[in-house]
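Biologist: Could you pick one part of this model and take me through it closely? I'd like to know what meets what, and then how that part fits with the rest.

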Protein chains: 2
Amino acid sequence: MSDSDFVWSERKRDAMKIRAKMLDAARSWFKEHEFVEVQGPVIIPAVGDWPSYFEVKYFDRKAYLTQGLQPYAEVLMANLGKIYTIAPSFRVEKAVTKRHLTEYWQIEAEVPNGSLNDIITIEEQLVAHICLGLCEEARAELESLHRDIEDLKNVKIPFPRISYDDAIRVLQRDGFDIQWGTKLDWEDERHLSLQFSQPFFITEFPVGVETFFYQPYPEKPGLTCSVDLLAPEGCGEISTGGQPVIEKEELVRKMKDERISPEEQKWYLCLKEESSTPYSGFAMGVERLTQWICKLEQIGEASAFPRLVNDIYP
Amino acid sequence: MSDSDFVWSERKRDAMKIRAKMLDAARSWFKEHEFVEVQGPVIIPAVGDWPSYFEVKYFDRKAYLTQGLQPYAEVLMANLGKIYTIAPSFRVEKAVTKRHLTEYWQIEAEVPNGSLNDIITIEEQLVAHICLGLCEEARAELESLHRDIEDLKNVKIPFPRISYDDAIRVLQRDGFDIQWGTKLDWEDERHLSLQFSQPFFITEFPVGVETFFYQPYPEKPGLTCSVDLLAPEGCGEISTGGQPVIEKEELVRKMKDERISPEEQKWYLCLKEESSTPYSGFAMGVERLTQWICKLEQIGEASAFPRLVNDIYP
């Protein structure tokens, strides 16, 4: 850290103030809609050979840093109903890039008996509420960051929705070398995101493109009940959500398909309720949302002390 | 985890609901008093041979899990003024006991140009605000936990204050084998705490009894500008705060006194501003506060998924 890092740029100060007001607006939305705030554990048991988890020396054993509330959601909902958390999350990124933080905060919510559509509705209401709130509460900071207040006022429900098929078609039309059935990468999302002036959803991902724990569509078993929310203007994905698999046996089958050992994931499976209650949930990146709202070039500007691949100082 | 853990006791549900309302009340106090909410890093660089830190494998190096915002406070305050955070914190406890969590959340606040007295005032206002708020917002849950609403209504400012000398005198009078100059342990705090019916402060700790980074009193250099807040009814310490050392050279001197290598703490020293601004701050344990308010026997009941020494499942 150099002397110049001690005093931040005006830009970073404004971004941090907006981040704080954003979280306040998010909480007020959840409070109004009677979600109970929870905190899940940061240190979690064995994750086997999922290499994206950071390893912690926990007394004489290995433990890992959480990637979100999802494994704990069923227990929490069984006891508290609709829940949300705003908490840190961790991911070992492979590529040395300034595009991803290894430590970031997430807004997560889980809804018992919630459908995919419920999650879409919650996400768009929440983001619209935050944008509208910031127009009131953070006008000076937004203007100083050259974010036009009108951009945020124009964030209107319902957000546009496109399917994964639509996304692939747009990318292929515009000269991207992408085949149906592959994941959208950073550049793909960026390109799609440049077509929109407000946040938008991508739905109907094929099985295999999204995380294994989402349910297939009942009427279209090749697709998953999941949804990504992307910010416009080239910013890209800010949230993933959906309706997870509830049957324990089906989850075990899906783990095996993905070559994940159910034996090593005993801790995760023991958190699955026997008498399954369907639910849906999402995780939204606090720094991603801050980056879009504040028009920041780098994700690191959205964090007070960003942690990047190989870079942790101070 | 057994099946019976999946559905919590009514007691634990109530405690978790009260915990959520407690955090909401805390944030409303900070908002009203114009503190900016921040999030410091969870993963921090080398801490040398401080064995109370959990080690993380961070790519090809060792890193550690935070024990609080304090090292980052000066940078944050220089840029944002009065700050607070509600965030997880981690500590390797040596003794195998159910009295301490290894992972817990803290309410932390830091005030530029703040004195020790400012911290005392903030802590008592904050705790009184929380107690009063819960009487309104969580009456049903409190009653179900057999917490008399009147107990919380009687939490009045100013909180009683005793000095470390007073504490030692009371303990010696009551037959405890304790010498002046030693730290108060769990049993000592418990005994003192049984004498009070509302939270109370202990001040004027001798140098060596509190963490090295607190300033000595200007007029009484053998004592530190620090303060502990204890909950009554046998609950014990819920917060530590004070006025940290601001001169870099003095901090290095104090590190050497404690046999901490300033070379290994370069990351910490680089976060000290050259032109020192005095400040004060505190960290309050969320689970401790929950335990007292909810009259919980075990600290583990104050956490959704408690992490204890050697015990991390699920």
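Modeller: A word on terms before we zoom in: helices (H or I, at least four residues) and strands (E, at least two) are DSSP runs, numbered from the N terminus, and axes are lines fitted to C-alpha atoms, for helices over the stretch in contact, with angles from 0 to 180 degrees between N-to-C directions. This is a predicted model, where local features need pLDDT of at least 70 and side-chain atom pairs count only at pLDDT 80 or more, while totals for chains, interfaces and linings use all residues. Residues are numbered from 1 along each chain as its sequence is written, with chains lettered from A and ligands numbered from 1 in the order in which they are written.

Let's start with α2(B), residues 10–32, which packs against α4(B), residues 116–137, at an angle of about 130 degrees, the axes being 9 Å apart. That makes the pair oblique (under 35 degrees is roughly parallel, over 145 roughly antiparallel, 65 to 115 roughly perpendicular, and the rest oblique). From α2(B), B:Ile18, B:Lys21, B:Met22, B:Ala25, B:Ala26 and B:Trp29 come up against B:Leu126, B:His129, B:Ile130, B:Gly133, B:Leu134 and B:Glu137 of α4(B); contact here is C-beta atoms, placed from the backbone, within 7 Å. Sorted by class, that contact has eight nonpolar, two polar and two charged residues (Ala, Val, Leu, Ile, Met, Phe, Trp, Tyr, Cys and Pro are nonpolar, Asp, Glu, Lys and Arg charged, and the others, Gly among them, polar).

Helix α2(B) also turns up where the chains meet. There, 48 residues of chain B are in contact with 48 residues of chain A. The elements of chain B giving two or more residues to that side are α2, β1 (36–37), β3 (55–58), α3 (73–80) and β6 (103–112). Of these, α2(B) gives the most, with seven residues. The side of chain B that touches chain A has 34 nonpolar, four polar and ten charged residues.

In the middle of this story sits β3. Strand β3 of chain A (residues 55–58) and β3(B) pair in the antiparallel sense over three bridges (strands pair if DSSP finds at least two bridges between them). A:Val56 stands opposite B:Val56, and B:Val56 is the residue of chain B that comes closest to the rotation axis, at 2.2 Å (C-alpha). A turn of 180 degrees and a shift of 0.0 Å along that axis lay chain B on chain A with an RMSD of 0.0 Å, which is the relation of a two-fold axis; the superposition is by least squares on C-alpha atoms of residues with pLDDT of at least 70 in both copies. The copies meet through the same surface, because 100% of the interface residues of chain B are also interface residues in chain A.

Now for the sheet in chain A. It is an open one of eight strands with mixed pairing, in the order β1-β5-β6-β11-β10-β9-β8-β7. β1 (36–37) and β7 (161–163) are at its edges with a single partner each, so one side of each has no neighbour in the sheet. Helix α8(A), residues 186–193, packs on this sheet, touching β9 and β10 (236–242), and its direction makes about 100 degrees with that of β10(A).

Last, two backbone details. The bond joining A:Ile157 and A:Pro158 is a cis peptide, omega about -5 degrees, and A:Pro158 is in the loop between α6 (149–153) and β7 of chain A. A:Glu233, in the loop between β9 and β10 of chain A, has a positive phi, near 65 degrees, though not a glycine.

Note on methods:
Contact = placed C-beta atoms within 7 Å.
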